[in-house]
Amino acid sequence: MNVLGLGIVALFGLVFVAALRTWWTTRDPIARDVVVVFAAMAAIFVVGVFTALVGTPPAIVQAAVVIALLGQPAATLRLAARVRPLPRLVLPVAVAAWLVTALPLAVIPSKSLPPVVVGLALLVFIVTEVAAAALFAAGSRRRAGAA
């Protein structure tokens, strides 16, 4: 890992620790959901640093990181639901789609994984992330002033 990569990881770590500290001191549901959204990226950074220092992590750790990363859009959707009303079935459908598409990626070796499974996981990731972004954008239109 180069100096720029380490700097990015360090800056992200500071933001993540600040979000975690905010949640720990306030126990606010929005702060908790922010920590959950950041946790998926934090897991990737931790594995990257681990790989650079020690070597390839165990397969179970890699599988957990894949599941966490693919679940990040569902966590973002949950965060958006805290800020703006969400249709009743959107979040449960997003979580179910995440689990159905992420679990095969985590348990099937990548060499024998059918491309359609990867494509479906990518589609669920993109659609859920776009839905969360649209909800945030729609919610921001109703608000004014400093965040």
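Which residues line the largest cavity? I started my notes with that one, and the answer comes below, after a look at the overall fold.

**Entry 1: the model as a whole.** I am working from a predicted model here. I counted the secondary structure and got five helices and zero strands. Read along the sequence, that gives me α-α-α-α-α. I then checked the extent of the C-alpha trace, and along the principal axes it spans about 45 × 35 × 25 Å.

**Entry 2: burial, contacts, surface.** I looked up burial next: 28% of the 147 residues count as buried. For contacts with a separation of 6 or more, I find that 65% come from residues 24 or more positions apart. The accessible surface comes to about 9,400 Å². Carbon and sulfur atoms own 75% of that surface.

**Entry 3: the cavity.** Back to my opening question. I searched the whole structure and found one cavity of 30 Å³ or more. Its volume is about 40 Å³. I listed the lining: Leu70, Pro73, Ala74, Ala94, Trp98, Val124, Phe125 and Thr128. Which helices each supply at least two residues of that lining? I get helix H3 (59-83), helix H4 (90-107) and H5.

**Entry 4: Asp33.** I wanted to know where this acidic residue sits, and found Asp33 in helix H2, which runs over residues 29-53. Is Asp33 buried or exposed? I have Asp33 down as buried, because its relative accessibility is 3% and the cut-off for buried is under 20%. I also pulled its contacts, leaving out residues up to four places away in sequence. What remains is Arg78, Leu79 and Arg82.

**Entry 5: a nonpolar patch.** I turned to the outside and picked up a nonpolar surface patch of about 370 Å². Which residues make the patch? I noted Val116, Leu120, Leu123 and Val127. I followed up on Val116, which lies in helix H5, residues 115-141. Val116 has a relative accessible area of 56%, so it goes down as exposed, the cut-off being over 50%.

**Entry 6: putting H5 together.** I went back over my H5 notes. H5 holds Val116, a member of the nonpolar patch. H5 also supplies at least two residues of the cavity lining. For contrast, I set my two single-residue look-ups side by side: Asp33 is buried, whereas Val116 is exposed.

Technical notes:
Residues numbered from 1 in each chain as written. Predicted model: local features only at pLDDT ≥ 70, side-chain atom pairs only at ≥ 80, totals over all residues. Heavy atoms only, no water. Helix = DSSP H or I, 4+ residues; strand = E, 2+ residues; numbered from the N terminus. Buried < 20%, exposed > 50% of the residue type's maximum accessible area, 1.4 Å probe, protein only. Contact = heavy atoms within 4.5 Å. Areas by Shrake-Rupley, 256 points an atom, 1.4 Å probe, with all protein chains shown as cover. Patch = residues over 30% accessible without salt bridge, like charges linked within 9 Å, V, L, I, M, F, W, Y side chains within 5 Å. Salt bridge = Lys/Arg side-chain N within 4 Å of Asp/Glu carboxyl O. 1 Å grid on protein atoms, 1.4 Å probe; cavity = no way out; pocket = protein on both sides within 12 Å on 5 of 7 lines; lining within 4 Å. Points joined across faces, edges and corners; volume = space filled by probe spheres on them.
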